[in-house]
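Here are my notes for when you next open the model. They are meant to be read with the structure on screen.

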Number of protein chains: 2
Amino acid sequence: MKPTIHSVAQEAGVSISTVSKVIHNTGSISEQTRKKVFQAMNKLNYHPDVAAASLRGKKTKVIGLLVPDISNPFYAEVARSIEDRSRELGFNVMMCNTDNDAEKEKEYLSLLTSQRIDGIVVASAFRSTDLLEGLLEKGIPIALIASEIPKLSIDTVTVDDYQGGYLATSYLLSLGHKRIAIIVENVRSNIPRLEAFRDAMEEAELPILDGYIIKTEAMIQKGYEGARQLLSLQERPTAIFACNDLLAAGVIQAAKEMGFNIPEDVSVVGFDNTVLSTTTSPMLTTVAQPVKEMGAKVIDLLTKEMQTSKPYKERLLLSPELMVRQSTAALP
Amino acid sequence: MKPTIHSVAQEAGVSISTVSKVIHNTGSISEQTRKKVFQAMNKLNYHPDVAAASLRGKKTKVIGLLVPDISNPFYAEVARSIEDRSRELGFNVMMCNTDNDAEKEKEYLSLLTSQRIDGIVVASAFRSTDLLEGLLEKGIPIALIASEIPKLSIDTVTVDDYQGGYLATSYLLSLGHKRIAIIVENVRSNIPRLEAFRDAMEEAELPILDGYIIKTEAMIQKGYEGARQLLSLQERPTAIFACNDLLAAGVIQAAKEMGFNIPEDVSVVGFDNTVLSTTTSPMLTTVAQPVKEMGAKVIDLLTKEMQTSKPYKERLLLSPELMVRQSTAALP
DNA sequence: TTGAAAGCGCTAACAT
DNA sequence: ATGTTAGCGCTTTCAA
């Protein structure tokens with residue numbers, strides 16, 4: 001039998017409330033009693049039952065995490081940083097993969113709310129926001145990471161996507177490229193990246209040619225297909241900005257397969273700075289998101305929210321950094 | 001206020017036990033009452049509180065997952081497959097990163113046991129096994145995936161590591177390679193891979209040269225260092241078997257940097273068939289683990305164990321498959 | 001400084 | 001077919 005607070009009390013020859021006080025360091029107990037209780041806990045290898053404690057209004061020390069897909073290296077790194085910080089603060093993380101699918105998002109949300117979790121971190125797209133709104137109204141602490149929902153007042157941590165897109169585009173521009181194409185993922189975070197691309201091109205008084213903007217999903221295969229399409233164009237681009245590393249990896253594959261050299265014939269820039277960016281060949285020039293900091297920050301915001309529901313929400317935009325590697329070169 | 005079984009009962013004008021019966025479809029209730037209750041649940045948007053239910057001896061529907069590092073693509077894929085199957089069966093997954101560190105393993109185990117989880121899946125190394133033994137004795141369902149502890153009687157799902165190692169080595173042998181080196185990770189699962197390597201070499205009556213066996217950790221950087229070491233040898237290997245894709249990616253980097261062509265000068269074989277194996281250039285020949293099946297199987301074993309503690313444990317060895325890509329070639 | 005007792009939301013045995 | 005009731009392990013007044 002698992003030891004309970006009763007068995008500990010019995011073993012120590014005190015009442016259960018005394019044991020509870022010792023555990024939580026509340027009330028006042030004599031040094032002697034405290035020692036007895038600790039001994040009993042050790043002897044029985046007692047661990048308080050969090051479920052029972054949470055029934056009495058305490059917290060569960062569990063945080064729900066909704067990601068599109070943990071096997072996507074970017075989200076794996078996000079998850080890691082979140083779990084690290086959570087553990088430091090004594091929280092466990094419940095992992096949910098939504099595939100950005102509205103049905104799954106809904107299912108998980110209901111699953112999580114019946115699990116009495118203390119808060120939710122969302123990295124999933126949530127194209128339908130009413131569900132989140134509902135939880136927000138109920139006062140369940142929620143925070144967003146690497147995804148934004150502008151119309152909702154909600155704690156958010158993202159990289160500055162606009163700045164990232166601008167960084168990537170203007171770097172290609174500075175290299176002398178004029179025919180630059182972009183492959184974006186069809187999610188909210190990519191909108192500012194595309195916008196920055198447009199702005200940078202306009203500032204440089206350069207046109208975005210027909211068919212130079214491709215919207216697709218975050219898969220290597222999709223990047224591959226997009227690149228084949230772009231590189232088959234009459235006027236093919238000399239540089240491609242792929243809005244995440246997965247897409248960029250596909251672009252590199254396609255370009256090589258079609259006989260183009262990287263970076264001599266085509267420059268490629270990615271986004272995220274995942275492991276992939278160091279295993280492609282040439283290694284990928286990419287926009288780095290400060291994932292460690294983002295994960296830590298989002299948990300800090302969430303736990304702050306759990307303590308006292310703040311009247312205002314915070315929106316953190318961390319700065320991206322361009323990692324120049326070998327997939328980009330000056331136009332000859 | 002969160003609705004409780006009481007509020008539902010009141011709303012529906014019945015007793016709480018009737019509501020409970022409706023929820024669990026037990027006892028007998030009239031169609032009419034059932035409908036009333038469902039309506040009330042919907043109206044209040046009621047979700048049963050799992051914590052409270054679990055207090056009464058029911059299950060928590062939570063599975064703990066211990067992986068070394070979720071940001072390692074292999075474990076990310078393992079985690080994904082585990083979560084998928086868990087969700088199908090109505091379980092949530094609590095994610096824990098141990099870094100194969102004994103301290104963290106211990107901490108998480110104690111954290112998980114006080115969380116009243118229904119079972120634990122372990123992919124972490126657990127060099128010290130007494131902790132697991134303790135849980136096993138307590139009757140907590142545990143299952144291992146992609147890691148083995150031969151001396152413990154415990155449900156286990158792994159790829160046939162010996163066969164995988166044999167597959168890789170004999171493929172290189174069949175290509176005419178004679179000077180083959182190996183880089184292994186210093187964990188249990190790699191022991192049979194190394195053993196198979198030795199056996200295959202012996203059967204081919206080929207020696208394993210001095211310094212041709214390198215033991216290290218699963219990091220790109222370590223693979224890189226290992227390869228630099230190997231390729232600097234007087235008698236350098238013509239083929240390198242890296243016991244996971246991360247190491248193999250490092251090997252490819254080092255080889256290229258030193259001016260060797262792959263596969264012309266050096267053949268490289270990896271293990272795991274993660275995303276990385278398709279983003280390296282050339283793409284990596286590697287031993288594929290059937291991750292989807294492994295994840296599903298381990299959850300099936302675990303849930304079976306949760307229902308009735310079987311007197312015997314199962315050990316599943318799934319077959320690996322060699323994925324031949326472009327990093328290997330016949331010796332000229 | 002300590003202990004008794006009420007109840008958190010729920011299930012299940014037992015009554016009706 | 002439906003309701004009453006006794007806890008599950010714990011926290012937290014309140015009383016001693």
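**Notes on the model**

1. Let me begin with the make-up of the cavity you will probably look for first. The residues lining the largest cavity split into 9 nonpolar, 6 polar and 1 charged. Keep in mind throughout that this is a predicted model.

2. On size and number: the count comes to 4 cavities of 30 Å³ or more, and the largest cavity has a volume of about 200 Å³. It is lined by 16 residues, and the closest to its centre are Ala51(A), Val62(A), Gln115(A), Val62(B) and Gln115(B). If you want helices to steer by, helix H4 (50–55) of chain A and helix H4 (50–55) of chain B each give at least two residues to that lining.

3. Now for the DNA. Which residues are the closest to DNA strand C? Out of 26 residues that surround the strand, the closest are Ser28(A), Thr33(A), Arg56(A), Ile5(B) and His24(B). Of the atoms of DNA strand C that come within 4 Å of the protein, sugar and phosphate account for 55%.

4. The surface near DNA strand C has its own mix: 10 nonpolar, 10 polar and 6 charged residues. Helix H2 (16–24) of chain A supplies at least two residues of this surface, and so do helix H2 (16–24) and H4 of chain B. The most comes from H2(B), with 4 residues.

5. Three phosphate contacts are worth clicking on. In chain A, an N or O atom in the side chain of Thr33(A) is 2.4 Å from a phosphate oxygen of DNA strand C; Thr33(A) is also one of the closest residues to that strand. In chain B, an N or O atom in the side chain of Ser20(B) is 3.2 Å from a phosphate oxygen of DNA strand C. Asp49(B) works through its backbone instead, with an N or O atom 3.0 Å from a phosphate oxygen of DNA strand C.

6. Moving to the sheet in chain B: 6 strands make an open sheet with mixed pairing, in the order E7-E6-E8-E9-E10-E12. Why is one side of strand E7 (213–216) and of strand E12 (321–323) of chain B left without a neighbour in the sheet? Both stand at the edges, and each has a single partner strand, so there is no neighbour on one side. On average, neighbouring strands of this sheet are turned by 20° against each other, direction ignored.

7. Inside that sheet, have a look at strand E6 (residues 180–185) and strand E8 (residues 239–242) of chain B, which pair in the parallel sense over 4 bridges. One pair to pick out is Ile182(B) with its bridge partner in E8(B), Phe241(B).

8. Last, some backbone details in chain A. Most residues other than glycine have a negative phi, and most peptide bonds are trans. The bond from Ile262(A) to Pro263(A) is cis, with omega near 10°, and Pro263(A) sits in the loop between helix H11 (245–257) and strand E9 (267–272) of chain A. The bond from Ser281(A) to Pro282(A) is cis as well, with omega near 0°; the loop here runs between helix H12 (276–279) and strand E10 (285–288) of chain A.

9. One phi value also deserves a check. Glu205(A) is not a glycine, yet has a positive phi of about 55°. You will find Glu205(A) in the loop between helix H9 (190–203) and strand E7 (213–216) of chain A.

Notes:
Residues numbered from 1 in each chain as written. Chains lettered and ligands numbered in written order. Predicted model: local features only at pLDDT ≥ 70, side-chain atom pairs only at ≥ 80, totals over all residues. Heavy atoms only, no water. 1 Å grid on protein atoms, 1.4 Å probe; cavity = no way out; pocket = protein on both sides within 12 Å on 5 of 7 lines; lining within 4 Å. Points joined across faces, edges and corners; volume = space filled by probe spheres on them. Nonpolar A, V, L, I, M, F, W, Y, C, P; charged D, E, K, R; others polar. Near = heavy atom within 4 Å. Polar contact = N/O pair within 3.5 Å; in protein donor to acceptor, adjacent residues only side chain to side chain. Pairing = 2+ DSSP bridges. Axes fitted to C-alpha atoms, helices over the stretch in contact; angles between N-to-C directions.
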